[in-house]
Amino acid sequence: MRTELSGDVVIDDIAPPVRRDSGATLTEIMVSIALIGVVLAALLSAVQASIRSSSVAFAGAEVETVLLNASDRVSRAPQLCDYESYVDAAALAEGWDVSTIGVVVETLVANTGSASDWQPQSCPADVSPFEVQRITITATNPGGGTTRSLTVVKSDVS
């Protein structure tokens, strides 16, 4: 078909070349699916590691909260032979069973030599107000995954 514009100019309508639209091949589709799968697997793995890390950090924070609460109760208590009830109260305040927390009380014993030693405190002996005690509190979260200890040195010396 010919189209004539003004004057001598003649434009031939050229038909566009015939293209065969065959779409994507099966190989191209399979490669695309494989690439998407690799990317998704890496992404899911990273999300899983992040969740695991977050839960471990949360458990550690819970244990440290109980330990700080227990150490505060022990520090405020009068100097005693046994601090079990104070430590148990800290666990119960968080809704934990008392079996998740424990306490060990030691007394500083001066040796005749140059060094001193910590020895388990014998109860029900009277505690001298000038005795120095080392109280170690150990807590484990109820899930059992995280255990931490905190040591408090206590004396009624002013």
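## Exercises on a predicted model

The buried residues of helix α1 pack against α2, β3, β5 and β6. The exercises below work through this predicted model, starting from that helix.

**Exercise 1.** Find the buried residues of α1 and explain how their spacing fits a helix.

*Solution.* Step 1: α1 covers residues 26-76. Its buried residues are A59, G60, V63, V66, L67, A70, S71 and V74. Step 2: an α-helix has 3.6 residues a turn, so residues three or four places apart point the same way. Step 3: look for such steps in the list, which includes A59, V63, V66 and A70.

**Exercise 2.** Compare the span of α1 with the expected one.

*Solution.* Step 1: the helix has 51 residues. Step 2: at 1.5 Å a residue, 75 Å is expected. Step 3: from the first C-alpha to the last, α1 reaches 75 Å, close to that expectation.

**Exercise 3.** Give the strand order of the open sheet and say which strands stand at its edges.

*Solution.* Step 1: the sheet has 4 strands in the order β4-β3-β5-β6, and the pairing is antiparallel. Step 2: β4 (116-120) and β6 (147-154) are the edge strands; each has a single partner strand, so one side of each has no neighbour in the sheet. Step 3: from one strand to the next, the twist averages 25 degrees.

**Exercise 4.** Describe how β5 is joined to β6, and where the two helices lie on the sheet.

*Solution.* Step 1: β5 (residues 133-140) and β6 run antiparallel and are joined by 8 bridges. One bridge partner pair is T138 with S149 of β6. Step 2: α1 packs on the sheet and touches β3 (101-110), β5 and β6, with its direction at about 20 degrees to that of β6. Step 3: α2 lies across β3 and β5 and runs at about 145 degrees to β3.

**Exercise 5.** Which residues have the most contacts inside the largest nonpolar core, and which elements build that core?

*Solution.* Step 1: the core has 17 residues, and V87, I101, I135, I137 and A139 have the most contacts inside it. Step 2: α1, α2, β3 and β5 each give two or more residues. The most come from α1, with 5 residues. Step 3: take V87 as an example. Beyond its neighbours within four places in sequence, V87 is in contact with A70, V74, I101, G102, V103 and I137.

**Exercise 6.** Decide which elements have the lowest and the highest mean pLDDT.

*Solution.* Step 1: the chain averages a pLDDT of 83, and 78% of the residues score at least 70. Step 2: strand β1 (residues 2-4) has the lowest mean, 55, and helix α2 (residues 84-93) the highest, 94. Step 3: where pLDDT is low, the predicted coordinates should not be read in detail.

Technical notes:
Residues are numbered from 1 along each chain as its sequence is written. This is a predicted model: local features need pLDDT of at least 70, side-chain atom pairs count only at pLDDT 80 or more; totals for chains, interfaces and linings use all residues. Side-chain values use heavy atoms; hydrogens and water are left out. pLDDT is the predictor's confidence in each residue, from 0 to 100. Two strands pair if DSSP finds at least two bridges between them. Axes are lines fitted to C-alpha atoms, for helices over the stretch in contact, and angles run from 0 to 180 degrees between N-to-C directions. Contact means heavy atoms within 4.5 Å. A nonpolar core is a set of buried Ala, Val, Leu, Ile, Met, Phe, Trp, Tyr and Cys residues joined through side-chain atoms within 4.5 Å. Buried means under 20% relative accessible area, exposed over 50%, partly exposed in between (1.4 Å probe, protein chains only). The expected span of a helix is 1.5 Å times one less than its number of residues.
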